[in-house]
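User: Hi! Could you walk me through this structure, one piece at a time?
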Amino acid sequence: MRISRSLPPLYIGLIFTLLYLPITLLVINSFNISKYGYVWQGFTWKWYDKLWHNTALKDAFLHSLSIAFTAATLATLLGLLMALALYRYRFPFKRTASALLFILMLSPDIVLAITFLIVFMALGLQLGFWSLLISHITFCLPFVVITVYAQLKGLDRNLLEAAQDLGAGERSLVRLIILPVLRPALGASWLLSFTLSLDDVIISSFVTGPGYEILPIRVFSMVKVGVSPEVNVIATLLLAISLVSAMLIALLLHRKKDEKT
Amino acid sequence: MKKRNLLLASLLTALSTAALAEGKVVVYNWSEYIPDGVLKQFTEETGIKVEYSTYESNEVMYAKLQLQKGKGYDIIVPSTYYIAKMSQEGLLKPIDRKQLTHFKNLNNSLLNKPYDPGNQYSVPYLWGSTGIAYNADVIPEGSITRWADLWDPKWKGQLLLTDDVREVFHMALKINGHSANSSDPKEIGQAYEKLKTLMPNVLVFNSDAPREPYMAGDVNLGMIWNGEAVMAQQEMPNIRYVYPEEGTIFWVDSFAIPSGSENTAEAHKFIDFMLRPEIAKQCSQEVGYATPNRAGMKLLDEKTRNNKTIFPDSSVFETGEFQSSVGDALKLYNDYWEKLKTGH
Amino acid sequence: MLRTACVHLRSPLFSRTLIAITLSWLGIFVLTPHLLVMMTSVLTPDTTNFAVWPLTFEAYTRLWEPLYATVFLDSLYLSVTATLFCLLLGYPFAYLLSRLGPVWRNVLLFLMIVPFWTNSLIRTYALKLLMGNRGLFNDLLMGLGLIDSPIQMLYSGFAVTFGLVYILFPFMVLPLISSFDNLDKTLLEAARDLGASAAQRFWRIIVPLTMPGIIAGCLIVFLPAMGMFYVADLLGGARNLLLGNLIKNQFLVMRDWPFGSALSVTLILMMFLMLAVYARANRRIQRKGGLDDANFA
């Protein structure tokens, strides 16, 4: 009995240890005098100082965050609409639409990168923020649709039919019944999209212009002279901010719950 | 009233000259491949803004420029035979030598190479070589001198090769006594047969950061770029860099101007600025690769200048080869490469 | 079989807008590009103009060389193992998280994804640091006295699988967790009251009810993994060609766009074929449980 009770936390703990092990190394190396991080040569703030003065890298990082944030939000919204359309309605080319979403997930990055660039050039779109945003939204879409659709499938259809019989319109049905149920799926989709967008290299390097550099391109481009530990600093800062905000949110939610009871 | 007009007029002229001076140059290059300070100094002196954009491989840069028909960038930094490819396809603008007052600083032995005869399209920026690295803690000093030494069966499952068709074939072609730029199907076929016998020795292909496996202790012998060897030596002084007897691989990263460049004058100013001896010296020092700028090299400290890993003896130039375009034979190279990797 | 929730179009404007947005976005940004790819795949390669007339099916005939079968099978093997391990590890993880109550569930979910906001290149370098001959894993094993000398972990199949599972793990867990949220706890209680054993409850209730999540997670992990090669190259030593390498090479190095396109088209067709076979087999075996439409249709 006691073993079975302590097993779940142990398992969760093990997974988290594995997930955080590589990141811990990066955090440690962000304070390491050694540039290459194979040996500990002593503590330093110099990489933090260097990053502080590296405008190009800071800009790229901020660009990445804003693209990821906007793309994740819009992709979640658009994906929600698509999932609803695919779940609720019958329309011409429905099968084609769902097939296209699969194709999008299967297409290797390089194929998407080149074809996106060709389409943007045909549309006469200036390469930069907007072209990046559109492509990031597009490659995130299937992940959102699949996640949202899976949850819609778990929905009790009798509920919807009952609501309809009671005279609920399509919009209120979506707003009052479907959306509340979808909240976890929407959260998951946003996180998925944000993560995907933050890490894309190949597609981004083709569809962005000189005025709008993002972090992954800069990092991959550093291989020529050796990836600078400033990237570890960025990882550390991002981690620290996330952990602090997670704690704050947890505290807030806890207090809210206490107030309610 | 008149006075006011005059004032306005002078203000306007002031504004317009400022606008004129405020040109820009869009540089498409590896990240951190030109030190930040150098870019800032250029803007301070000339008023020309630098927009610095980065790519992760020559291939991506080339494909993107080709798709955009050479537009969007003013300066690119392709490696060796990409100059040949791109100029043949009309993607590069000829460089106007008259606008380059510091061109004479360049080392003649790095000019006029087969990839760009007469340097019509390219101005060398930094250069280096690909040779052999070994860890002298594990492998006896001086026991590795030739490419052929990598074929010794005792290295089974231990070598590092760069993940680059042309560089890997270079070894085999040179051992067989052929040019590394061969486009003769028979010679390439022979090289393939030779490489097939090397495959059991290979542990890893790496063209991202070949120094890493050496520094991590996972690999003690294999190919490496000289700049990476220098970086590795900073923490592992016992990493040795060897120019193989059969002939090393030379490469040059050069400035070039894409055919669709809209700021050609600024681009020339930029290249000329980069050719100044003190700037060339600064770049070489901070980036860690050799400068082709003879005047700049003289400014380097003695230790760097005499570092054979960075600046080889002239005898190395006699056997070594610069990569050049192999034309349609590239397909043959690649077919063999696929076969090597899939074991067919 | 249940029909898709039947709809009387009570607010046609609403539904029409949804449909219009769906079709136009997919049409412009997905259909057009992929029509281009299909067209390119039957043209003649040309290094300066990418692809030119005349029409030819040469690219497709080349695909029959046994070498490409090896590449395809290698990629398939990696994707399948990565997906299976992600599911095996992720399913209990998602289940446990979903039972924690909303606050902890959300916080832990967020914490799970945070490491993945770090650039994948340096994360993979960190994995290499862990698995190297002088890495933490080897130090640990030697410290425990389990081995005498370091074992070669990097540049092996183990390293590749480990890396892929590591990279793809959250993509399995996120869809799974939202389907666990749908799980009606009263059903489990009822089953227990009726005397169902833990195993019965798991296989008869939990698994079928979370099947949409399982399918979603597997698709999200498996499909993109087919085109991945970067992690495998860094951790496996790039001694094998994967589909991703092959296609990237055709576009960037060989400049044989028709062949690259043909590879991409074939990959998509093969996957559709596999999904169709799977869906049909499933329909036959299990008539209920929501497995019937892996294809949304």
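Analyst: Happy to! Keep in mind that this is a predicted model. Let's begin with chain B, where the domain assignment gives domain 1 (21-127 + 252-312) and domain 2 (128-250 + 318-342).

User: How far apart are the C-alpha centres of domain 1 and domain 2 of chain B?
Analyst: Those centres lie 27 Å apart. As for contacts, 16 residues of domain 1 of chain B touch 14 residues of domain 2 of chain B.

User: Which element gives the most to the domain 1 side there?
Analyst: That would be α4(B), with four residues. By class, the domain 1 side that touches domain 2 in chain B has eleven nonpolar, three polar and two charged residues.

User: Cool. Switching to strands: what order do the three strands of the open sheet in chain B take?
Analyst: The order is β2-β1-β3 in chain B, and the pairing is parallel. β2 (49-54) and β3 (75-76) of chain B are at the edges with a single partner strand each, so one side of each has no neighbour in the sheet.

User: And how many bridges join β1 to β2 in chain B?
Analyst: Six bridges join them. Across from Val27(B) you'll find Tyr52(B), which is in β2(B).

User: Which helix lies across β1 and β3 of chain B?
Analyst: Helix α9 (residues 264-274) of chain B does, running at about 60° to β1(B).

User: Last topic: how many residues of chain A are in contact with chain C?
Analyst: 82 residues of chain A are in contact with 80 residues of chain C. On the chain A side, helix α11 (residues 230-260) gives the most, with twelve residues. That side has 59 nonpolar, 13 polar and ten charged residues.

Note on methods
Residues are numbered from 1 along each chain as its sequence is written. Chains are lettered from A and ligands numbered from 1 in the order in which they are written. This is a predicted model: local features need pLDDT of at least 70, side-chain atom pairs count only at pLDDT 80 or more; totals for chains, interfaces and linings use all residues. Two residues are in contact if their C-beta atoms, placed from the backbone, lie within 7 Å. Helices (H or I, at least four residues) and strands (E, at least two) are DSSP runs, numbered from the N terminus. Ala, Val, Leu, Ile, Met, Phe, Trp, Tyr, Cys and Pro count as nonpolar, Asp, Glu, Lys and Arg as charged, and the others, Gly among them, as polar. Domain bounds come from an automatic or database domain assignment. Two strands pair if DSSP finds at least two bridges between them. Axes are lines fitted to C-alpha atoms, for helices over the stretch in contact, and angles run from 0 to 180 degrees between N-to-C directions.
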